[in-house]
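Colleague: I have some labels to check with you. Can we go through them one by one?

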Amino acid sequence: MTIARGWLSALLVGVTLALPAAVQAEEVRVMISGGFSAAYKQLVPQFERATGHTVSTAYGPSMGTTENAIPVRLARGEPVDVLIMVGEALTGLTEQGKADKASRVDLARSPIGIAVRAGAPKPDISSVDGLRAALLAAKSIAYSDSASGVYVEKELFKRLGIEEEMNGKARMIPAEPVAAVVARGDAELGFQQISELLPVAGVEVVGPIPESVQKITIFAAGISTKAVSAKAGADLIAFLASAQAAPVIRKTGLDPIAHPAGK
């Protein structure tokens, strides 16, 4: 599926399409996970104003078995045109025949960070030794049930050599932002993508974990194989991947992925 970035970019700087907006307007149904949501919420109104399309959104994790998880929503037959989620999870849906492989566009890179409750001391996590010391000193640690949390639980603690020490004080948080758990004092430290930590009131982001133990998550978008508004959905993806969207994406803690014009 070819994504028409060219005409959309022109539209966004004021070029009027030949057909009346009322004739072209469609509803685009989106399922999106948390990591790209802050940027998405700011960008969608711009897309709606520029195109006349309306966008309806369902939110949920890219993976897992909670009620709102995107794979669970798809399994129960919820309608969707556009999927915006962790890239490896989108790959899985493509392999299951639920997303169109040719429509995929990678949107942004997302690092894992740590947050503390607002006003709490911020540990030094700028080095691997500092991160290890901060985790050993913390009384309670929370991490997500999506890509970042799976990495923390399955790989990071092992790489730091503290897997046994984390038993009993580090826990996965299903169906809730990790930052919300930290904000109310139920965890001293919280791991999640920085883009998911930043929007939550009551926490402060300490920073990203060190590069040598960092795992960058790619957020990607694609068209559902059961899409009704596939063309309008492709236009939405093109806008989210455009140079116009990049400053907003960057401001929300993500690294936008540049794409050559017309690709």
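Colleague: Which backbone nitrogen does the side chain of Thr 51 reach?

Modeller: This is a predicted model, so every value here is computed from it. The side chain of Thr 51 reaches the backbone nitrogen of His 53 at 3.1 Å. A polar contact needs N or O atoms within 3.5 Å. The distance of 3.1 Å meets that cut-off.

Colleague: Which backbone oxygen does the side chain of Thr 51 reach?

Modeller: That of Phe 47, at 2.8 Å. This distance also lies within 3.5 Å. Thr 51 itself is found in helix α3, residues 37–51.

Colleague: Why is Thr 51 called buried?

Modeller: Its relative accessible area is 9%. Buried means under 20%. So Thr 51 counts as buried.

Colleague: Now the sheet. What makes β7 and β9 edge strands?

Modeller: The order in this open sheet of 5 strands is β7-β6-β8-β5-β9, with mixed pairing. β7 (170–173) and β9 (203–208) each pair on one side only. That is why they are called edge strands. From one strand to the next, the twist averages 30 degrees.

Colleague: How do you know that β6 and β7 pair?

Modeller: Count the bridges. There are 4 between β6 (residues 141–144) and β7. Pairing takes at least two. So the two strands pair, and they run parallel. One bridge partner can be named: Ser 144 has Ile 173 in β7.

Colleague: Which helices pack on these strands?

Modeller: Helix α6 (residues 128–137) lies across β5 (112–117), β6 and β8 (189–193). Its direction is at about 130 degrees to β8. Helix α7 (residues 147–160) also packs on the sheet, touching β5, β6, β7 and β8. The direction of α7 makes about 125 degrees with that of β6.

Colleague: How do you know that the buried residues of α6 line one face?

Modeller: Gly 130, Leu 131, Ala 134 and Leu 135 are buried in α6. Seen down the axis, the buried residues of α6 fall within an arc of 130 degrees, so they line one face of the helix. They pack against β5, β6, α7, α8 (163–166) and β8. On the other side of α6, Asp 129 and Ala 137 are exposed.

Colleague: Last one. What makes the whole protein as compact as a globular protein of its length?

Modeller: The protein has 12 helices and 11 strands. Its radius of gyration is 19 Å. The globule rule gives 18 Å for 263 residues. The two values are close, so the label fits. Of the 263 residues, 49% count as buried.

Methods:
Residues numbered from 1 in each chain as written. Predicted model: local features only at pLDDT ≥ 70, side-chain atom pairs only at ≥ 80, totals over all residues. Heavy atoms only, no water. Axes fitted to C-alpha atoms, helices over the stretch in contact; angles between N-to-C directions. Contact = heavy atoms within 4.5 Å. Buried < 20%, exposed > 50% of the residue type's maximum accessible area, 1.4 Å probe, protein only. Polar contact = N/O pair within 3.5 Å; in protein donor to acceptor, adjacent residues only side chain to side chain. Arc of directions from axis to C-beta. Rg over C-alpha atoms; globule rule 2.2 N^0.38 Å.
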